[in-house]
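This report walks through selected parts of one protein chain, from strand pairing to helix packing. Please keep the sequence and the coordinates at hand while reading.

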Amino acid sequence: MAGHGSRVFISHLAGVAVFDPNGDQVGRIRDVVVSLRIGGRPPRVLGLVVEVVGRRRIFLPMTRVTSLESGQVLTTGVINMRRFEQRPTETLVLAELLDRRLTDTSDDTEVTVLDVAMVQTRVREWEISKVFVQRGRGSRLRKNRGEAVTLDWSAVTGFTLTEEAQGAANLLATFEQLRPADLAGVMHHLSAKRRAEVAAALDDERLADVLEELPEDDQVEILGKLQDERAADVLEAMDPDDAADLLSELPGDEAERLLQLMEPEEAAPVRRLLSYQEDTAGGLMTTEPIILEPDATVAEALARVRISDHKPALAAQVYVCRPPNETPTGKYLGMVHFQRLLREPPYTLVGSIVDGDLDPLPPDTPLPLVTSYLATYNLVAAPVADEADHLLGAVTVDDVLDHLLPEDWREAALHGGEHHDTDQESEAPDGQ
């Protein structure tokens with residue numbers, strides 16, 4: 001355990017693994033819960049928000065923490081796995097305190113919170129002791145904007161004031177290594193105000209990746225708070241099928257307004273996807289599979305597959321077509337699986353090794369038949385072509401799963417269980 005007087009900066013705890021007494025990993029820290037106190041007294045640290053399997057968040061009281069050293073957290077006793085729900089008297093340090101603009105009471109200058117530190121008191125409680133700030137409106141991501149200093153908690157004021165335009169640079173710096181799905185989990189648990197601030201701070205590509213992982217309600221809420229021009233830019237950065245799914249949740253006139261603001265070449269595939277029924281191959285497909293001409297070599301195909309922007313399911317095979325090479329393509333000739341590419345010499349032409357035995361799916365193929373097709377032929381993606389054999393896109397197994405799972409599966413993955421308790425006596429499993 002960090003000893004009495006040892007200072008722990010809370011941003012350093014983000015993502016740290018939490019282990020039970022047997023040495024098994026429970027999850028990872030996503031935030032720290034504190035209770036602000038009156039009279040200038042430092043906030044009391046109540047516990048940690050820990051993300052466990054399934055991206056569900058639980059509350060771990062500080063009374064259960066036995067060690068905060070060596071880049072890991074150790075716990076003792078039974079861990080309550082009920083879902084964490086923030087109470088009105090509680091504050092999340094990373095989500096709500098970072099980037100706040102405060103006043104240094106020594107000279108009335110404005111400072112921005114970069115981090116806060118907690119320390120264990122003589123009575124073995126944890127409390128916030130220091131605030132690491134930058135003078136002016138700077139942040140970790142905006143250097144040379146003022147001196148960074150560490151102040152006592154009592155030396156600043158303004159934590160309890162409502163801030164309408166709180167930044168998000170330091171919060172994002174804390175979670176910059178997260179995958180889009182995990183950052184989506186962080187954003188989902190923020191307040192609507194904070195969610196909008198974080199979305200405003202993300203670049204278009206990163207926000208597009210995160211939106212694709214959020215529940216539909218969160219997607220619509222965030223998109224609705226963006227300026228129309230930026231909303232159109234973010235939609236352009238999304239995969240066309242995900243952009244179409246999001247636009248389908250908006251009123252028709254609003255969706256059309258955003259489509260009009262998108263670049264025509266970006267809007268065209270989205271419009272095509274919107275013309276199909278949602279639960280058909282056409283409605284499920286992406287319009288950007290890996291497409292090659294028959295005289296392309298295996299080496300070229302492998303180079304395309306290696307591009308990191310391609311999702312694994314799409315990179316599992318390439319589709320061989322006559323020009324043009326963008327959907328709708330020229331005549332579809334067949335596909336070549338990644339494993340076959342690995343077995344052939346690099347100079348081999350992909351046109352000589354295509355698998356043309358599997359007929360592509362018509363765009364109006366219903367979801368159950370799409371599922372059967374993938375299962376029957378052990379595929380992670382299937383081609384979709386029109387009656388004239390023009391490749392329209394490909395249906396991937398992840399998109400099929402999105403539609404087979406309950407509509408609120410993303411929400412369910414982020415929520416589960418009940419409320420948390422801060423008292424040890426109420427931490428026992430239900431019924432004990």
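How many bridges join strand β9 to β10, and do the two run parallel or antiparallel? Strand β9, which covers residues 101–104, is joined to β10 by four bridges, and the two strands run antiparallel. As with everything that follows, this is read from a predicted model.

**Strand β10 and its partners**

The pairing of β9 with β10 takes the form of a hairpin with four residues between the strands, and in its turn Asp108 has a positive phi of about 60°. Beside this turn, Asp104 stands opposite Thr109 in β10. A hairpin is also formed by β10 with β11, here with five residues between the strands, and Arg124 in that turn has a positive phi of about 70°. The pairing of β10 with β11, the latter spanning residues 126–135, is antiparallel and extends over nine bridges; within it, Thr112 stands opposite Gln134 in β11. Strand β1, made up of residues 7–9, also pairs with β10 in the antiparallel sense, over three bridges, and Val8 has Met118 in β10 as its bridge partner.

The three pairings of β10 can be set side by side.

| Partner of β10 | Residues of partner | Bridges | Sense |
|---|---|---|---|
| β1 | 7–9 | three | antiparallel |
| β9 | 101–104 | four | antiparallel |
| β11 | 126–135 | nine | antiparallel |

Burial adds to this picture: of the 12 residues of β10, which runs over residues 109–120, 10 are buried, so the strand is largely enclosed by the rest of the structure. For a reader who wishes to follow individual side chains along a strand, a general point may help: in a regular strand, the side chains alternate between the two faces of the sheet.

**A three-stranded open sheet**

Elsewhere, three strands form an open sheet in the order β14-β15-β16, with mixed pairing. Its edge strands are β14 (291–292) and β16 (332–337), each of which pairs on one side only. Strand β14 is joined by two bridges to β15, residues 317–321, and these two strands run parallel; in this pairing, the bridge partner of Ile291 is Tyr319 in β15.

**Helices α4 and α6**

Two packed helices are described by the angle between their axes and the distance between the axes. For helix α4 (residues 192–201) and helix α6 (residues 216–224), the axes come within 10 Å and cross at roughly 65°. That angle makes α4 roughly perpendicular to α6, and the crossing is right-handed. On the α4 side, Ala192, Arg195 and Ala199 take part in the contact, meeting Asp218, Glu221 and Ile222 of α6. Sorted by class, this contact has three nonpolar and three charged residues, with no polar ones.

**Asp398 and the chain as a whole**

Asp398 is found in helix α15, which covers residues 397–404. With a relative accessible area of 31%, Asp398 is partly exposed, because this value falls between the 20% and 50% limits that separate buried from exposed residues. Although 87 residues separate Asp398 from Lys311 in sequence, their C-alpha atoms are 9.9 Å apart in space.

Over its full length, the chain has 16 helices and 18 strands, and buried residues make up 49% of its 432 residues. Among contacts between residues at least 6 apart in sequence, 61% join residues at least 24 apart.

Notes:
Residues are numbered from 1 along each chain as its sequence is written. This is a predicted model: local features need pLDDT of at least 70, side-chain atom pairs count only at pLDDT 80 or more; totals for chains, interfaces and linings use all residues. Side-chain values use heavy atoms; hydrogens and water are left out. Buried means under 20% relative accessible area, exposed over 50%, partly exposed in between (1.4 Å probe, protein chains only). Two strands pair if DSSP finds at least two bridges between them. Axes are lines fitted to C-alpha atoms, for helices over the stretch in contact, and angles run from 0 to 180 degrees between N-to-C directions. Angles under 35 degrees count as roughly parallel, over 145 as roughly antiparallel, 65 to 115 as roughly perpendicular and the rest as oblique. A crossing is left-handed if the near helix is turned anticlockwise from the far one by less than a right angle, and right-handed if clockwise. Contact means heavy atoms within 4.5 Å. Ala, Val, Leu, Ile, Met, Phe, Trp, Tyr, Cys and Pro count as nonpolar, Asp, Glu, Lys and Arg as charged, and the others, Gly among them, as polar.
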